[in-house]
Amino acid sequence: MRRFPVFSLALPGVVAAAVLAGCATEPVTPSIKVIEPPQPTAPAGPPPAYSAESPAQIEVVSAQFGVFGSDESGRRILLETDRFPAVVSAPYGWYITFKTDKPTVIWREEFELPVPPPTWGPGEAMGIYIISPDRKTAVTERIIPTRLGFVANEWRYAPGDPLGAHAMRVYIDGQLIREFRFDIEEGPAQRKGEPRTPEGSAST
């Protein structure tokens, strides 16, 4: 099994289609959000001086989780849902828009699985994320510029990934923005009784 994160997604025109029709164990009616990053605005003046006594605040505009895809025009969309089937390479993750006067922020994601996976894939060896001692949680941390006004992260399901309850906790500058809880359910292969592939699929 492998996991493939994609950090700080910034291209609304990128197509990341997931073949999900007819795969859920029960009908799911997700909401659809077109991902269009807010337009940066020119600063009205010099940035304020920051200190430990008066830290800059993060104003969260929206925070969504779901499955990434694209509409007929090729615009990237997020189908908001807290449960989806185990479809190989299906991209899922979160998208947060925010406001701040700071030029950069640090975002941190804690991705917790229900059980330790057979492997976390090449990202662990490359230092893309750090794995907890119990092997159940991947921690990713990045510094990003704030001019686009959003941050996002994407993972893709791979054969062998555990099913069941998952959680993603997202922090910006140490502030817990949102804890997303979701379930990955049996996909069509598991329901048909087909064996799982021991190794992961190719990354994108």
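Two strands count as paired if DSSP finds at least two bridges between them. With that rule in hand, the exercises below work through a predicted model.

**Exercise 1. Describe the overall make-up of the protein chain, from its helices and strands to its buried share.**

Step 1. Begin with the elements: the protein chain holds two helices and twelve strands, and read along the sequence they follow the pattern β-β-β-β-β-β-β-α-β-β-β-β-β-α.

Step 2. Turn next to burial and surface. Buried residues make up 42% of the 204 residues, while the protein chain exposes about 10700 Å², of which carbon and sulfur atoms supply 56%.

Step 3. Finally, look at how contacts are spread along the sequence: among those with a separation of 6 or more, 77% are between residues 24 or more positions apart.

**Exercise 2. Work out the order of the strands in the six-stranded open sheet, and find which strands stand at its edges.**

Step 1. The order in this open sheet is β5-β12-β11-β7-β9-β8, and the pairing is mixed.

Step 2. Each of β5 (83-85) and β8 has a single partner strand, so these two stand at the edges and one side of each is left without a neighbour in the sheet.

Step 3. Consider the β5 edge in detail. Strands β5 and β12 run parallel and are joined by three bridges, and P85 has E185 in β12 as its bridge partner.

Step 4. Stay with E185, which belongs to strand β12. Its relative accessible area is 17%, and because buried means under 20%, E185 is classed as buried. Between the C-alpha atoms of E185 and A165, which lie 20 residues apart along the chain, the separation is 8.9 Å.

**Exercise 3. Locate the largest nonpolar core and say which of its residues touch the most other members.**

Step 1. A general tendency helps to frame the search: in soluble globular proteins, nonpolar side chains tend to be buried together.

Step 2. The largest nonpolar core has 30 residues, and those touching the most other members are Y92, W94, M168 and I172. The elements that give two or more residues to this core are β3 (59-70), β6 (91-99), β7 (104-112), β9, β10, β11 (164-172) and β12 (175-185).

Step 3. Take I172 as an example. Once its neighbours within four places in sequence are set aside, I172 is in contact with I58, I96, F98, V105, I106, W107, V151 and I177.

Step 4. There is also a second, separate core of five residues, among them F68, L78, Y95 and F150.

**Exercise 4. Decide whether T146 is buried or exposed, and list what surrounds this residue.**

Step 1. Place the residue: T146 lies in the loop between β9 (137-145) and β10 (150-156).

Step 2. The relative accessibility of T146 is 13%, and since the limit for buried is under 20%, T146 counts as buried.

Step 3. Beyond its neighbours within four places in sequence, T146 is in contact with F98, T100, K102, P103, T104 and V105. One of these residues, K102, offers its backbone oxygen, which the side chain of T146 reaches at 2.6 Å.

**Exercise 5. Count the salt bridges, then determine which residues are joined into one network with R181.**

Step 1. A salt bridge here requires a side-chain nitrogen of Lys or Arg within 4 Å of a carboxyl oxygen of Asp or Glu, and by this rule the count comes to twelve.

Step 2. Start from R181, whose salt bridge with E179 has its closest N and O atoms 3.1 Å apart. R181 counts as exposed at 55% relative accessibility, whereas E179, at 32%, counts as partly exposed. Salt bridges that share partners join R108, E110, E112, E141, R169, E179 and R181 into one network.

Step 3. Within that network, the side chains of E110 and R108 meet in a salt bridge with an N to O distance of 3.0 Å. Here E110 counts as buried at 14% relative accessibility, while R108 counts as partly exposed at 29%.

Step 4. For another pair, take E124 and R135, whose side chains meet in a salt bridge at 2.7 Å, N to O. This pair links distant parts of the chain, eleven residues apart, with E124 in helix α1 (residues 122-125) and R135 in the loop between β8 (130-131) and β9. E124 counts as partly exposed at 30% relative accessibility, and R135 counts as partly exposed at 31%.

Notes. Residues are numbered from 1 along each chain as its sequence is written. This is a predicted model: local features need pLDDT of at least 70, side-chain atom pairs count only at pLDDT 80 or more; totals for chains, interfaces and linings use all residues. Side-chain values use heavy atoms; hydrogens and water are left out. Helices (H or I, at least four residues) and strands (E, at least two) are DSSP runs, numbered from the N terminus. Buried means under 20% relative accessible area, exposed over 50%, partly exposed in between (1.4 Å probe, protein chains only). A polar contact is a pair of N or O atoms within 3.5 Å; within protein, one must be able to donate a hydrogen and the other to accept it, and residues adjacent in sequence count only if both atoms are side-chain atoms. Contact means heavy atoms within 4.5 Å. Accessible areas come from the Shrake-Rupley method with a 1.4 Å probe; for residues, only the protein chains shown count as cover. A nonpolar core is a set of buried Ala, Val, Leu, Ile, Met, Phe, Trp, Tyr and Cys residues joined through side-chain atoms within 4.5 Å.
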